[in-house]
Amino acid sequence: MDRYARWNALLELLAESGRVTVEDAADRLEVSQATIRRDFDQLAQQQMITRTRGGAVANGVSYDLPLRYKSAKHSAEKQRIGEAAAILVTPGTVVGLNGGTTMTEVARALAVRPDLNTSGEGAQLTVVTNALNIANELLVRSRMKIVVAGGVVRPQSFELVGPLGGALLKEVTLDIVLLGVDALDVELGAAAHHEGEAAMNSLMVARAKKVVVIADSSKLGGHAFARICPIGKVETLVTDLSAPQQVVDRFRDAGVEVICA
């Protein structure tokens with residue numbers, strides 16, 4: 001286990017229990033206590049945790065970890081989801097993408113599709129995004145037209161939020177929006193932890209002809225602070241094979257097409 005995967009695991013332990021000792025963390029991660037002490041010290045320096053005598057406690061931001069600490073979680077499932085979501089995009093259309101680790105996999109899958117990267121008339125894909133990392137993924141790998149909404153960068157997700165980006169989104173029309181969410185529930189709809197991200201995502205939904213939610217099974221049936229849109233706005237859900245059948249059936253009963261990858 002490399003350092004970042006280990007840090008991700010430690011932060012997840014703290015998110016679950018709120019407090020963990022050096023001894024318990026070393027046993028669960030199967031590394032030395034000296035390694036855990038160094039990890040705790042480095043995470044505390046970055047204000048991700050609070051160091052205590054013999055262990056650590058979670059800070060209040062542990063529910064919304066920076067993107068670089070989330071990349072190892074459910075990585076195989078997210079890659080499959082990304083590939084399945086990319087299939088829904090047709091050449092020559094305008095696509096909205098927001099941020100997050102799953103959406104990074106969607107962007108990578110879009111970037112390697114030859115039919116989306118041709119320079120023929122009417123074939124070029126246009127991508128509208130409010131996430132700097134998504135724009136970078138596509139710029140270095142493809143010949144798509146990239147439109148980036150302005151705003152203030154959130155370090156946790158690399159997404160741009162605020163009225164500057166909202167002004168641009170109000171002036172465009174999207175054929176399809178592929179939307180990563182922090183939670184999706186039949187009654188509560190799609191939601192995000194941060195109200196600024198939710199507001200930008202809600203604008204994308206309002207400007208799109210088709211809304212596709214991209215979420216691994218850990219996000220289904222959960223809730224988050226700020227609602228993006230009701231379930232009635234969601235046409236398709238792309239998730240992984242671990243999604244419980246009864247949860248999938250509830251979304252289908254609500255009129256949502258569910259694709260399990």
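Here are two short exercises on a predicted model, each with a worked solution.

**Exercise 1.** Work out how the strands of the open sheet are ordered, and what lies across them.

*Solution.*
- Step 1: Start with the order. Three strands make up this open sheet, arranged 1-3-2 with antiparallel pairing.
- Step 2: Pick out the edges. Strand 1 (19–21) and strand 2 (49–52) sit there, each pairing on one side only.
- Step 3: Look at how strand 1 is held to strand 3 (residues 55–58). The two run antiparallel and are joined by 3 bridges. If you want a landmark, V20 stands opposite A56 in strand 3.
- Step 4: Check the twist, which averages 25 degrees from one strand to the next.
- Step 5: Now add helix 2 (residues 22–29). This helix lies across strand 1, strand 2 and strand 3, and runs at about 80 degrees to strand 1.

**Exercise 2.** Find the largest nonpolar core and say which elements build it.

*Solution.*
- Step 1: Size it up. The largest nonpolar core has 32 residues, and the ones with the most contacts inside it are V181, L184, I228, L237 and F251.
- Step 2: Trace the suppliers. Strand 9 (176–180), strand 11 (189–192), helix 9 (195–207), strand 12 (211–214), strand 13 (226–229) and helix 10 (245–253) each chip in at least two residues. Helix 9 gives the most, with 4 residues.
- Step 3: Zoom in on I228. Leaving out residues up to four places away in sequence, its contacts include L179, V181, A190, A198 and V205.
- Step 4: Don't stop at one core. A second, separate core has 28 residues, among them I81, L97, L116 and A261.

Conventions: Residues numbered from 1 in each chain as written. Predicted model: local features only at pLDDT ≥ 70, side-chain atom pairs only at ≥ 80, totals over all residues. Heavy atoms only, no water. Pairing = 2+ DSSP bridges. Axes fitted to C-alpha atoms, helices over the stretch in contact; angles between N-to-C directions. Contact = heavy atoms within 4.5 Å. Core = buried A, V, L, I, M, F, W, Y, C linked by side-chain atoms within 4.5 Å. Buried < 20%, exposed > 50% of the residue type's maximum accessible area, 1.4 Å probe, protein only.
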